[in-house]
Amino acid sequence: MKSFGSTDLIKCLLRLGFTKDKSTGSSHIKYNYPKKVEKGIRPFITVILNVKTYDKTTQNRYLTQLKRLGYSLKELEESM
């Protein structure tokens with residue numbers, strides 16, 4: 001998978017149906033998952049803003065969170 005930053009991640013989340021939380025912040029924004037999730041899984045993803053390219057650890061953390069919500073790697077690559 002290619003490297004991505006905050007703008008790419010936000011576009012991907014919006015394409016997957018996530019909605020922006022109404023709370024405002026300057027360095028982080030929360031995006032809510034559109035469907036109900038299993039107990040123990042976070043129904044949101046917190047995006048760190050103003051990052052041109054995330055480091056590999058942060059990218060893998062975001063991908064893992066999205067996979068736990070039921071998205072495949074192929075779906076994520078198509079929506080990036």
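The following paragraphs lead through the sheet, the helices and the nonpolar core of a structure that is a predicted model.

A good place to begin is the sheet, which is open, has 3 strands in the order β1-β2-β3, and is held in antiparallel pairing. In general, the strands of a sheet pair through backbone hydrogen bonds, either parallel or antiparallel. Here the edge strands are β1 (19–20) and β3, each of which pairs on one side only. The pairing of β1 with β2 is antiparallel and extends over 2 bridges, and within it Lys20 has Tyr31, a residue of β2, as its bridge partner.

The helix α1 lies across β2 and β3, and its direction makes an angle of about 155 degrees with β3.

From here one can turn to the interior. As a general tendency, nonpolar side chains in soluble globular proteins are buried together. In this model the largest nonpolar core has 21 residues, and those with the most contacts inside it are Leu9, Leu13, Phe18, Ile45, Val47, Leu66 and Tyr71. At least two residues of this core come from each of α1 (6–15), β2 (28–32), β3 (44–48) and α2 (56–68), while α1 gives the most, with 4 residues. If residues up to four places away in sequence are not counted, Leu66 touches Leu13, Leu16, Phe18, Ile45, Tyr71 and Leu76.

Finally, consider Asn60, which has its place in helix α2: is this residue buried or exposed? Asn60 counts as partly exposed, because its relative accessibility is 46%, a value that falls between the limits of 20% for buried and 50% for exposed. Asn60 and Lys20 are 40 residues apart along the chain, and their C-alpha atoms are separated by 22 Å.

Notes. Residues are numbered from 1 along each chain as its sequence is written. This is a predicted model: local features need pLDDT of at least 70, side-chain atom pairs count only at pLDDT 80 or more; totals for chains, interfaces and linings use all residues. Side-chain values use heavy atoms; hydrogens and water are left out. A nonpolar core is a set of buried Ala, Val, Leu, Ile, Met, Phe, Trp, Tyr and Cys residues joined through side-chain atoms within 4.5 Å. Buried means under 20% relative accessible area, exposed over 50%, partly exposed in between (1.4 Å probe, protein chains only). Contact means heavy atoms within 4.5 Å. Two strands pair if DSSP finds at least two bridges between them. Axes are lines fitted to C-alpha atoms, for helices over the stretch in contact, and angles run from 0 to 180 degrees between N-to-C directions.
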